[in-house]
Amino acid sequence: MTTGRCIAPRVWQFVSAVLFSGIAIMALAFPDQLYDAVFDGAQVTSKTPIRLYGGALLSISLIMWNALYTAEKVIIRWTLLTEACYFGVQFLVVTATLAETGLMSLGILLLLVSRLLFVVISIYYYYQVGRRPKKA
């Protein structure tokens, strides 16, 4: 793997770890504000699902932070695949919630677009890390 190809997935892993950690802390500490940001002022009936979401994100963020300390391609690839799966599932859950509630806001649209973008980036780096270097 060339140095340029090695740095980009690592930067993506770092950005993901920061993103996962930030959203997890927000979901755990400020569930109402996180819900309002996404669902544009709809009433929160229970904070438990949002806090469970925060706990799940915190777990994934710990995996992301730990993966930054390894040079093992397999671990880096599994971390990227975990991200892609998480973002894909989150896209499906938000889409199902949207269909169920009928709520539509700019926050929801931005969340859906960002999740699709994150899936694509994570899968791209997953395959890039797994490629064999070209022989000179």
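# Working through a predicted helical model

The largest cavity has a lining made up of Leu19, Phe20, Ile23, Tyr53, Leu57, Tyr86, Phe87 and Arg115. Keep in mind that this is a predicted model. Let's work outwards from that cavity.

**Exercise 1. Work out which helices and which domains supply the lining of the largest cavity.**

Start with the helices. Two or more lining residues come from each of α1, α3 and α4. Next, look for the top contributor: α1 has the largest share, three residues. Now turn to the domains. Domain 1 (1–71) and domain 2 (72–135) each provide at least three residues of the lining.

**Exercise 2. Describe the largest cavity by its volume and by the classes of its lining residues.**

Begin with the space inside, which is about 30 Å³. How many cavities of 30 Å³ or more are there? The count comes to one. Then sort the lining by class: seven residues are nonpolar, none is polar and one is charged. The charged one is Arg115, since Arg belongs to the charged class.

**Exercise 3. Find the residues that touch the most other members of the largest nonpolar core, and say where that core lies.**

First, the membership: this core has 20 residues, and Phe20, Leu57, Leu80, Tyr86 and Phe87 touch the most other members. Second, the helices: α1 (3–29), α3 (48–67), α4 (73–101) and α5 (106–130) each bring at least two residues to the core. Of these, α1 gives the most, with six residues. Third, the position: the core lies between domain 1 (1–71) and domain 2 (72–135), because both give residues to it. As background, nonpolar side chains in soluble globular proteins tend to be buried together.

There's also a second, separate core of five residues, with Val94, Ile108, Leu111 and Leu112 among them.

**Exercise 4. List what Phe87 touches once residues up to four places away in sequence are set aside.**

Go along the chain in order. Phe87 touches Leu19 and Phe20, and further on Arg115, Phe118, Val119 and Ser122. Two other roles of Phe87 have already come up: it helps line the largest cavity, and it is among the residues touching the most other members of the largest core.

**Exercise 5. Decide whether Thr79 and Val89 are buried, exposed or partly exposed.**

Place them first. Thr79 is found in helix α4, and Val89 lies in α4 too. Now use the cut-offs: buried means under 20% relative accessible area, and exposed means over 50%. Thr79 has 3%, so it is buried. Val89 has 48%, so it counts as partly exposed. For Thr79, the contacts beyond four places in sequence are Gln13, Met64 and Ala67.

**Exercise 6. Look at two pairs that are separated in sequence, and give their distances in space.**

Take Arg10 in helix α1. Between Arg10 and Ile76 there are 66 positions in sequence, yet their C-alpha atoms are 8.5 Å apart. Ile76 is also one of the contacts of Arg10, along with Ala67, Leu68, Thr70 and Ala71, when neighbours within four places are left aside. For the other pair, Val89 and Arg115 are 26 residues apart in sequence and 9.3 Å apart from C-alpha to C-alpha.

**Exercise 7. Sum up the whole chain: its secondary structure, its buried share and its contacts.**

Count the elements: five helices and zero strands, which read α-α-α-α-α along the sequence. Then check burial, where 35% of the 136 residues count as buried. Last, take the contacts with a separation of 6 or more: 75% of them join residues 24 or more positions apart.

Key. Residues are numbered from 1 along each chain as its sequence is written. This is a predicted model: local features need pLDDT of at least 70, side-chain atom pairs count only at pLDDT 80 or more; totals for chains, interfaces and linings use all residues. Side-chain values use heavy atoms; hydrogens and water are left out. A nonpolar core is a set of buried Ala, Val, Leu, Ile, Met, Phe, Trp, Tyr and Cys residues joined through side-chain atoms within 4.5 Å. Buried means under 20% relative accessible area, exposed over 50%, partly exposed in between (1.4 Å probe, protein chains only). Helices (H or I, at least four residues) and strands (E, at least two) are DSSP runs, numbered from the N terminus. Domain bounds come from an automatic or database domain assignment. Contact means heavy atoms within 4.5 Å. On a 1 Å grid over the protein atoms alone, a cavity is a set of points where a 1.4 Å probe fits but cannot get out, and a pocket is an open set with protein on both sides within 12 Å along at least five of seven lines; lining residues have an atom within 4 Å of a point. Grid points are joined across faces, edges and corners, and a volume is the space filled by probe spheres set on the points.
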